[in-house]
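Here is a short briefing to read alongside a protein model. Keep the 3D view open and look up each part as you meet it.

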Amino acid sequence: MKRVIVGLSGGVDSSVAAYLLKEQGYEVIGLFMKNWHDDSVTISNECPWLEDSNDALLVAEKLGIPFQTVDLSEQYKDRIVNYMFSEYEKGRTPNPDVLCNREIKFDVFMKIALSLGADYVATGHYCRKGIIEIEGKETYQLLSGADSNKDQSYFLCQLSQEQLSKALFPIGELTKPQVREIAMNLNLVTAEKKDSQGLCFIGKVRLPEFLQQQLQAKEGIIVEIEANNPIYNLKETNFNSLEEQLIAESTSIKYTPEMGKIVGKHQGAHFFTIGQRKGLNVGGTKEGLFIIATDVENNIIYTGQGHSHPGLFKKALRIQPSEIHWIRNDLKLKNGEKMDVMARIRYRQELQKATLHQFESGLYVAFENPQSAITEGQFVAWNIDDELIGSGVIS
């Protein structure tokens with residue numbers, strides 16, 4: 001009998017995942033990950049870990065499976081929290097959920113599971129795993145979940161072949177309503193529990209307060225750039241090469257305060273992200289102000305009015321060579337090669353038509369239509385049909 005360790009989070013998805021595996025004849029063990037001790041920065045009653053671990057225990061008892069809690073808070077602080085601080089400090093916006101899957105669930109947690117004699121690790125993600133044969137060798141595919149409304153393959157875009165080989169996604173073929181229905185029929189305590197929001201395993205966090213633990217607040221100016229600023233009307237340039245064009249299209253505009261007018265003050269450019277409109281506290285504009293750029297070095301935030309402001313849009317993005325990740329190594333591009341894909345730059349975004357271009361200077365993702373709020377530090381992931389084949393950190 002194959003042994004599977006399920007990451008029981010105290011939510012409905014992992015509860016049903018554990019039940020389905022037991023039905024399929026696996027020996028199932030539930031493991032709850034405790035990743036956080038500091039309640040001072042969580043918004044109280046929004047998914048505190050204590051309540052979650054309790055619910056996970058009740059589910060395990062109901063399903064008749066062994067249950068344990070593992071404390072991974074030290075590794076979580078090292079690999080996720082410290083990384084977040086350093087990224088925000090550089091003016092980049094990290095995605096802790098993607099990292100959490102790569103570094104915690106499918107690395108630290110997986111190693112613990114394998115040391116307990118597990119054959120597989122299972123989670124309650126809405127995605128599917130495929131197995132195909134390439135040159136006589138098993139190759140694993142990361143496929144989107146059957147519920148297109150809940151597809152979570154994006155969050156697993158940094159997994160490797162090795163990690164996928166040991167992963168199971170029992171609810172990938174189901175829709176959310178079906179998962180809830182199974183939980184209701186089983187009378188599970190998690191059946192009607194709301195989905196947790198916020199940082200994985202921490203819950204909802206007041207981000208500025210969370211970041212202020214290490215990043216100092218410092219007053220700076222908010223500058224508004226008009227949509228008709230001449231910087232947006234640059235004439236068509238004749239580029240010497242495609243690479244030169246892609247570098248230009250993926251490079252952010254360097255704004256200076258002289259280009260616009262000062263409309264307010266903020267408490268630290270590193271607390272803000274491109275595309276953000278909440279938290280600026282600047283009134284009196286015809287349309288809402290959106291952040292179009294942050295200058296962490298000089299502590300300046302640049303904004304523009306309305307969600308169609310030209311400063312929000314870019315045609316291409318670049319991934320540094322060291323941050324390109326292929327789940328399907330057999331599809332990896334060589335320098336000078338290109339590939340048509342469907343890509344997204346954030347979770348729940350509709351897939352967008354794009355072309356990948358690989359050069360020595362990095363991998364460029366050129367979109368058919370300009371994209372709003374391409375944000376440094378976030379992940380771009382690319383698909384062929386319903387298979388996610390690679391990803392990278394936007395630089």
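At 0% relative accessibility, S153 falls under the 20% cut-off and therefore counts as buried. This is a predicted model, and S153 is a good place to start looking around in it. From there, the briefing moves on to cysteines, sheets, helix pairs and two unusual backbone angles.

**Around S153**

- You can find S153 in the loop that runs between β6 and α5 (161-165).
- Which residues does S153 touch, leaving aside its neighbours within four places in sequence? Its contacts are Y126, C127, L142, L143, S144 and L388.
- Try placing S153 against G124 as well: the two are 29 residues apart in sequence, and their C-alpha atoms are 12 Å apart in space.

**Cysteines**

- One of the contacts of S153 is C127, and C127 is itself buried, because its relative accessibility is 0%.
- How many disulfides does the structure hold? The count is zero.
- C127 is in no disulfide, and the nearest cysteine sulfur to its own, that of C157, is 11 Å away.
- Why is C157 not bonded to C127? The sulfur of C157 has its closest cysteine sulfur in C127, but the 11 Å between them is too far for a bond, because a disulfide needs the two sulfur atoms within 2.5 Å.
- C157 also has 0% relative accessibility, so C157 counts as buried.

**The five-stranded sheet**

- Five strands make an open sheet in the order β3-β2-β1-β4-β7, and their pairing is parallel.
- Which strands are at the edges? They are β3 (67-71) and β7 (167-168), each of which pairs on one side only.
- Helix α1 (residues 12-23) packs on this sheet and touches β1 (3-7), β2 (27-34), β4 and β7. The direction of α1 makes about 170° with that of β1.
- β1 and β2 run parallel and are joined by five bridges, with I5 standing opposite I29 in β2.
- β1 is mostly covered, as four of its five residues are buried.
- Strand β4 (residues 120-122) runs parallel to β7, and two bridges join them. V121 has A167 in β7 as its bridge partner.
- When you view the strands with side chains switched on, keep a general pattern in mind: in a regular strand, side chains alternate between the two faces of the sheet.

**The four-stranded sheet**

- A second group to look for is an open sheet of four strands, ordered β9-β8-β11-β10, with mixed pairing.
- β9 (261-266) and β10 (289-295) stand at the edges; each has a single partner strand, so one side of each is left without a neighbour in the sheet.
- From one strand to the next, the twist averages 30°.
- Strand β8 (residues 220-224) and β9 run antiparallel and are joined by five bridges. G220 stands opposite H266 in β9.

**Two pairs of helices**

- Packed helices are described by two values: the angle between their axes and the distance between the axes.
- Helix α3 (residues 73-89) packs against helix α4 (residues 96-115) at an angle of about 160°, and their axes are 10 Å apart. That angle makes α3 roughly antiparallel to α4, because it is over 145 degrees.
- The contact between these two is made by Q75, Y76, R79, I80, Y83 and M84 of α3, and by P96, L99, C100, E103, I104, D107 and V108 of α4.
- α3 passes α4 in a right-handed crossing.
- α1 also packs with helix α6 (residues 176-185), at an angle of about 70° and with the axes 9 Å apart. α1 and α6 are therefore roughly perpendicular to each other.
- On the α1 side, V12, D13, V16, Y19 and L20 make the contact; on the α6 side, K176, V179, R180, I182 and A183 do.
- The crossing of α1 and α6 is left-handed.

**Positive phi angles**

- Most residues other than glycine have a negative phi.
- E135 is not a glycine, yet it has a positive phi of about 50°. Look for E135 in the loop between β5 (127-134) and β6 (137-144).
- Is E135 buried or exposed? E135 counts as exposed, because its relative accessibility is 81%.
- R348 has a positive phi of about 75°, although it is not a glycine. R348 sits in the loop between β14 (338-344) and β15 (352-359).

How values were computed
Residues numbered from 1 in each chain as written. Predicted model: local features only at pLDDT ≥ 70, side-chain atom pairs only at ≥ 80, totals over all residues. Heavy atoms only, no water. Buried < 20%, exposed > 50% of the residue type's maximum accessible area, 1.4 Å probe, protein only. Pairing = 2+ DSSP bridges. Contact = heavy atoms within 4.5 Å. Axes fitted to C-alpha atoms, helices over the stretch in contact; angles between N-to-C directions. Parallel < 35°, antiparallel > 145°, perpendicular 65-115°, else oblique. Left-handed = near helix turned anticlockwise from the far one by under 90°.
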